[in-house]
Amino acid sequence: MAAPAAAPQWSPRVQQLLSQMTLEEKIGQMTQLANTVINTTGVQRDVVLDSAKVTALIRQFHIGSFLNGEAVPARQWLAYSMALQRIAMRESRLHIPIIYGIDHMHGASYVAGTAIFPHNLNLGASFNPELARQTARATVLESADLGHHWVFAPVLDLGVNAYWPRLYETYGEDPLVASAMGVAFVRELQENKDILPYKVAACGKHFLGYSDPRNGWDRTNAMISDQRLQEFFRPSFQAAMDAGLKTIMINSGEINGEPVHASKAILTDLLRTQMGFKGVAVTDWEDIIRLVRVQKVAADEKEATFMAVDAGVDMAMTPYTTDFCRLVKELVQEGRLTEERINLSAGRVLQLKDDLGLFENPMPRADRLNRIGDPALKQQAVAAATETFVLLKNEQNTLPLSKAKVKRLLVVGPSADSRANLAGGWTLAWQGRPENEYPREVQTIVGALQREYPSAKVEMVPYRNAKGQLQLAGIAAAARRADAIVVAIGEKPYTEGLGNTSDLTLPEDQVQLVQTTQASGRPTILVVIGGRPSIIRGVAEKSAAIIWGGLPGFGGGEALAALLSGRANFSGKLPFTYPQFAGHISNYHHDNNENSLELSDFGAGFENRGAKFKPAMLTEFGQGLSYTTYQYSNLLLSDSVISSAGTVRATVRVTNTGQQAGKEAVLWFLTDEVGRIARPVRLLKHFDKQVFTPGQSREMTFIINPRQHLSYPDAQSRPQLENGYFTLRVGDQTARFRYADPAARASAPADPTPRAGSTAN
């Protein structure tokens, strides 16, 4: 029998409710069903309520939560939510309101006509947490009044596996960036005052380690050591929880062979005891049943239900059946689960509803619908997208494309005239929608370029005919007539398992397309659109310019046009390491051993056997070009030795040495030169993005705190702060200092030649 957990401090309302509720009513609060079981057709996009179905579910099973739908007009959502809540408040014996969950992933993406911001990976490229805050603000302004109380965002997973089909939902591969972006999103979503009297709960996804499956496919097994979980995968969740995150959604996969939905070590020992989380832990879609059908750690659904609840699940996204209600009741009656355990989860759900003010304000409202579709929010989405494009290559200053000089511009590729490709999955619907269902007001890349270059002939030639066959001859002829060619490659929308791939290589037809334009001798600007990096090594070298565009959202076409013309300046930097080869992927924070093989170490005869590849493009995390240039100089440390009681102030001068204003993200990396656990070759510890006018200098500062910046956790989360040398890197500057504390474990021998203020080669 599971031991009862310590009683939390519930509000008076929750205490009273728990004392009055039957076991069945408590279990109902732990159950979440999809809108398909309460609408008229059983199809998710139909946001039309079947009142009889809802009434039966509330009366018989006391269901406490429903979720999802797709993008429909605000007034349709309003009518649906109003009817749903009326039935819940009428049929619930204790008048407990419904909490409604929805996948608003990058704006209020399941409401028609809203601002659709860049996906998280793009926001990571901005290195500007303000954009994450703006995304959250637009989300609640355009959905909170519609009865959308629970937003299943942000994704706090670490984007370390380029194959993983949900890479674009992460903020990238760095834990500090993910933490800063996640905190900005959570605080704004949960604390926004403009939506009062309503409040909205954020949901951190997917706790934990979900994003690094060994085979790259969704919902599969990840092999992650406890120490690595603590150092890399925990920080973004911990930061969001410290900022008040109210709910988490659980990793659908496995870690080291153990399904996370059945792991007490993760869902209780780590999440509750170590991390101090007091909110609601909800399963992902059908994941208790998955323990039986796919992961096969339980013989039947009843055993799977016991394992999940015993491990720490609070709410089951079942989402189609009420079997969970029956099975939990049986488990309590049999004595395998205690009612105290049920009180714990039901209490957390009720406390969430109380914290959100649902008991006082359960009904949606219609008097502020003019906020939805606000042009100002859509313009913010364009501005955000502008900061997320990354200029990786600009040979001979091909860009910007002068409006005075460009008379003919050819735009080709699968993403050239696609709104769907710019927005990706989780837009209007789970896997996106057919191209003709996207708002016509959204500018595609070719449409935006036609507006940007009104005096030029901006031509688009389809690269496939009506039969789907390549038609490269027409493209070759058009390319020879053009002054420049924009090739927008990419992928159709996808997410989760439907986006699984075994090959990151750019598809052969797109390779042929790019090579055809390059053969014209005209400058080819390659724009990489998509949720993960395509391997473009074969076409990179002969591209005059390369831009990573990711999934910039509905403002992506307009933003790219402004950047190509020079009306705006590039300021994005890669939030992940762009791989050169499909078979070798290494994150920037790998340890030294990962890339250590040098065949010359084996002696005579082996010196030249290893393949040496000179990159044809910038691929490193944190890299990105601009139309201006920045000089880093005069890196100084306030001291060359630091102890546990002190700090070191690092300053560097950054100067815009070009002729154009720009935004520069200043990235500060630290290298722990020696550690008992192999240390990353470098790790981002601080970043700050500022505007620089031409000629302007700023002194940028980083205060180094030993506990925060120099320690790392062991497998039990105990901080390891070791004596030894550290190297600080910012721009092309480096400085070295030593941590020395008599109580600390020595990790390196004394070095009589500490250096500071040196310049990297």
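This tour moves through a predicted model one selection at a time, and says what is found at each stop.

**The parallel strands around S16**

Begin by selecting strand S16, residues 524–529, which is mostly covered, six of its six residues being buried. If you show the side chains, Thr524, Leu526 and Val528 point one way from S16, while Ile525, Val527 and Ile529 point the other way, and all of these are buried. In a regular strand the side chains alternate between the two faces of the sheet.

Next add strand S15, residues 484–489, which runs parallel to S16 and is joined to it by five bridges. One pair to look for is Ile485 with its bridge partner in S16, Thr524. To follow the chain from S15 to S16, select helix H18, residues 508–518, through which the chain crosses in a right-handed β-α-β crossover.

Then add strand S17, residues 545–550, which pairs with S16 in the parallel sense, again over five bridges. Here Ile525 of S16 stands opposite Ala545 in S17.

**The nonpolar cores**

From the strands, turn to the largest nonpolar core, which has 146 residues, and in which Phe66, Phe207 and Trp548 have the most contacts. In soluble globular proteins, nonpolar side chains tend to be buried together. Select Phe207 and display its surroundings: leaving aside neighbours within four places in sequence, Phe207 is in contact with a group of residues including Phe237, Met241, Ile248, Val260, Leu267 and Met275. Asn251 is also one of the residues that Phe207 contacts. A second core, separate from the largest, has 34 residues, and among them are Leu409, Val446, Ala456 and Ile547.

**Two cis peptide bonds**

Now select strand S5, residues 201–207, and within this strand find His206. The bond between Lys205 and His206 is a cis peptide bond, with omega about -10 degrees. Moving back along the chain, select Pro197, which lies in the loop between helix H7 (175–191) and S5; the peptide bond from Leu196 to Pro197 is also cis, and its omega is near 15 degrees. Most residues other than glycine have a negative phi, and most peptide bonds are trans.

**A mixed sheet and its loop**

The next selection is an open sheet of three strands, in the order S6-S8-S9, whose pairing is mixed. Its edge strands, each pairing on one side only, are S6 (221–222) and S9 (258–259). Strand S8, residues 254–255, pairs with S9 in the antiparallel sense over two bridges, and Ile255 has Glu258 in S9 as its bridge partner.

Between S8 and S9 is a loop that holds Asn256. Although Asn256 is not a glycine, its phi is positive, at about 55 degrees, and with a relative accessible area of 41% Asn256 is partly exposed.

**Two more positive phi values**

For another residue of this kind, go to Asn397, in the loop between strand S12 (390–394) and strand S13 (408–412). Asn397 is not a glycine either, and has a positive phi of about 50 degrees; its relative accessible area is 64%, so Asn397 is exposed.

Then select helix H12, residues 323–333, where Phe324, Cys325, Leu327, Val328, Leu331 and Val332 are buried. An α-helix has 3.6 residues a turn, so residues three or four places apart point the same way. Just after H12 comes Gly335, with a positive phi of about 85 degrees.

**The antiparallel sheet and Ser626**

The last stop opens with a three-stranded open sheet in the order S18-S20-S23, with antiparallel pairing. Its edge strands are S18 (630–637) and S23 (697–704), each of which pairs on one side only. Neighbouring strands of this sheet are turned against each other by 20 degrees on average, direction ignored. Strand S20, residues 648–656, runs antiparallel to S23 and is joined to it by eight bridges, with Val652 and Met700 of S23 as bridge partners.

Finish at Ser626, in the loop between helix H20 (556–565) and S18. Its relative accessible area is 18%, so Ser626 is buried. The side chain of Ser626 makes a polar contact of 3.2 Å with the side chain of Asn569, and also reaches the backbone nitrogen of Thr628 at 3.1 Å. Beyond its neighbours within four places in sequence, Ser626 is in contact with Leu391, Asn569 and Phe570.

Conventions. Residues are numbered from 1 along each chain as its sequence is written. This is a predicted model: local features need pLDDT of at least 70, side-chain atom pairs count only at pLDDT 80 or more; totals for chains, interfaces and linings use all residues. Side-chain values use heavy atoms; hydrogens and water are left out. Two strands pair if DSSP finds at least two bridges between them. Helices (H or I, at least four residues) and strands (E, at least two) are DSSP runs, numbered from the N terminus. Axes are lines fitted to C-alpha atoms, for helices over the stretch in contact, and angles run from 0 to 180 degrees between N-to-C directions. Buried means under 20% relative accessible area, exposed over 50%, partly exposed in between (1.4 Å probe, protein chains only). A polar contact is a pair of N or O atoms within 3.5 Å; within protein, one must be able to donate a hydrogen and the other to accept it, and residues adjacent in sequence count only if both atoms are side-chain atoms. Contact means heavy atoms within 4.5 Å. A nonpolar core is a set of buried Ala, Val, Leu, Ile, Met, Phe, Trp, Tyr and Cys residues joined through side-chain atoms within 4.5 Å. A crossover is right-handed if, with the strands pointing away from the viewer, the path from the first strand over the helix to the second runs clockwise.
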